[in-house]
Amino acid sequence: MPLAPTAAPTRLRLSVLGPLTGGADGRPLALGPLKQRLVLAVLLSRANTAVPVDLLTDAVWPEEPPRTARKNLQVYICTLRTLLGRGDGPDRLAHSAGGYLLRAAESELDLLQFRALARAGRAAADGGALAPAARLLRQALDLWQGPPLADLRSSPAVDAEARRLEARCLGVHEDWAETELELGNATAVAEELAEPAERHPLRERLQAARMNALHQSGRQAEALAVYDTHRQLLARELGLEPSPALTARYRELLARGRTGPSTARPERAGAAHGVLLPADTADFTGRTTELRELIDALGEGAGRVAVLSGPAGSGKTALAVHAGHLLADRFPDGRVLVRLRTGDGAPRPLPEVLAELASLTGRPDAAPAPAPADPGRAAALWRASLAGRRMLLVLDDAPDEAAVRELLPGHGPSAVLVTSRSQLAGLASVHRVTVPPLAPGEALDLLGRIVGTGRIGTDRAAAARIVDACGLLPLAVRVAGTRLAVLRHLPLAEYAARLEDPAGALDELVAGDVTVRARLDSGWGDLTDQGRLALARLAALPLSLLFTLPEAATALGRPERLALRTLESLTDTGAVTSPSGEVTAHAALYALPRLTHLHARERAAGAVDDGPFGTAS
């Protein structure tokens, strides 16, 4: 049974770090009606400090207090004075010049105990006693029973007090996390911070601690995703960038790999330890899901092979390089990127690729050996050289399966990451990751990082039109952003209108020697004659609209059975997409990516073929 208000407790215990509760001598106290509990909540939140009468009045009557407000408040104070008793010294609840003051001992109020433990923990940390500091801070956090004063926060004044308490709790959480990280307990910190970091995404110190904990736990993709999500939210909500300190830490994690105690194998003498990857993209954006999938696929098991596929300009190479930098600690014997095409897009001969690999990955202290005349033997020697070595090989822009197959290690601890416009269906036992266009928010974020978030904020609608006209492809968005960064006088709305004009969009996507049309030309060149003819005919369909199999068959001038095979072939090259998910072929919807569509129209206008489609089965 709750104690009656007339009881005079001897051992009092009050709590605001969760629902407002009170107990005396081991039994619960009845704290009275809502208005009385609101008064008590404010007094306890500021225990041992005089609370102005106006603040108490605002807590109980947040809008218009009645004429009897002061008299009613005195009644609540009188009842609480009787309920809580006198205590061991002066009156527990007294009136002073500054308002009402509620006296409480540290043992009587969880908030006071929390403050004392937090002070002791911080003092221990400052003195270098990390283990005691972590223990004291943990004890402080364990006093919390949920959101403070959760049952009374309909009152704005009480809600403000609760928010102040939450801020103190977050500060202690951050102190505890940083102390535990110094002690090497990253896994516990990563799990503990997941929920508060999600509830407070703009709190930079909290996000930094979680990023460090995830990175030290070997969860590199998640660690970098924490930074990227925080940066995007800051830009979207406040138009700000992360602090220089957090940005520097992010770059440090990219450059150094896992910090703290390492579980990577010691490097062996004579191994090729160089990082022969291009520099990571400083403004790499999005791709959290694909990154996590790649890290998981390449981080465990032997002879691992992953294939990144997607149309030209979808950011496959940038994603592969970014993943390669994140995987630094797992491949201590080197990370190497080799391009499988020449500058004009032609496939490189296998002997040439093998010679480059031998040069890049051979023992630095050994004299170069002549390459075998037989490509098959050279490939076998290359695979043998990987035995026992932990290397990551990035094979960029593979034209087909044959260009890749002889280079795969087959066994041992090395791994291979392949990028290709095709899905390379002929390769068995590989993990395939499709690289889609960016999400609209990610594309806007990338554009903002290039041209400046302030400029994007002046006309966000026009910026959205720009990235949409770029088909949300990273290459096109990057080229558009670079062009806008140079042409500072060009209004976003005017540039959006230029890109939305089908006749001139590809002419606008040029920045110096980087052109979107050149990438699309390369993809066009990969198609067979039948594929190019089919794509040209599909380009006659309405721009940016989904189409069905019957509509495709009509455009192609083929029966649906043969049209379906054509669509599937073009889907494998990335020229056609099917965004509608797993449905039957006849119910599926298809699309031509916007820039591919415009490029195919341009090509079709240059060489129209109205003859029969052919007889491919």
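Two residues count as in contact when they have heavy atoms within 4.5 Å of each other. With that in hand, here's a look around this predicted model, starting with one helix.

Helix α22 covers residues 516-526, and its buried members are V516, L520, S522, G523 and W524. Those buried residues pack against α19 (474-486), α21 (505-508), β13 (514-515), α23 (529-538) and α26 (594-606).

Now for strand β9, residues 392-396. Five of its five residues are buried, so the strand is largely enclosed by the rest of the structure. L392, V394 and D396 point one way, L393 and L395 point the other way, and all are buried. Note that an aspartate, D396, is on that buried list too.

β9 also has strand partners, β8 and β10, and here's how the pairings look:

| Pair | Partner strand residues | Bridges | Direction | A residue pair |
|---|---|---|---|---|
| β8 with β9 | 335-339 | five | parallel | L337 with V394 |
| β9 with β10 | 415-420 | four | parallel | L392 with A415 |

So much for the strands; what about confidence? The protein's mean pLDDT is 83, and 87% of its residues reach 70 or more. Confidence is highest in helix α20 (residues 492-500), at a mean of 94, and lowest in strand β6 (residues 275-276), at 66. Two stretches fall below 50: residues 1-9 and residues 258-274. Beyond near neighbours in sequence, residues 1-9 have 18 contacts in the model, while residues 258-274 have 38.

Technical notes. Residues are numbered from 1 along each chain as its sequence is written. This is a predicted model: local features need pLDDT of at least 70, side-chain atom pairs count only at pLDDT 80 or more; totals for chains, interfaces and linings use all residues. Side-chain values use heavy atoms; hydrogens and water are left out. Buried means under 20% relative accessible area, exposed over 50%, partly exposed in between (1.4 Å probe, protein chains only). Helices (H or I, at least four residues) and strands (E, at least two) are DSSP runs, numbered from the N terminus. Two strands pair if DSSP finds at least two bridges between them. pLDDT is the predictor's confidence in each residue, from 0 to 100.
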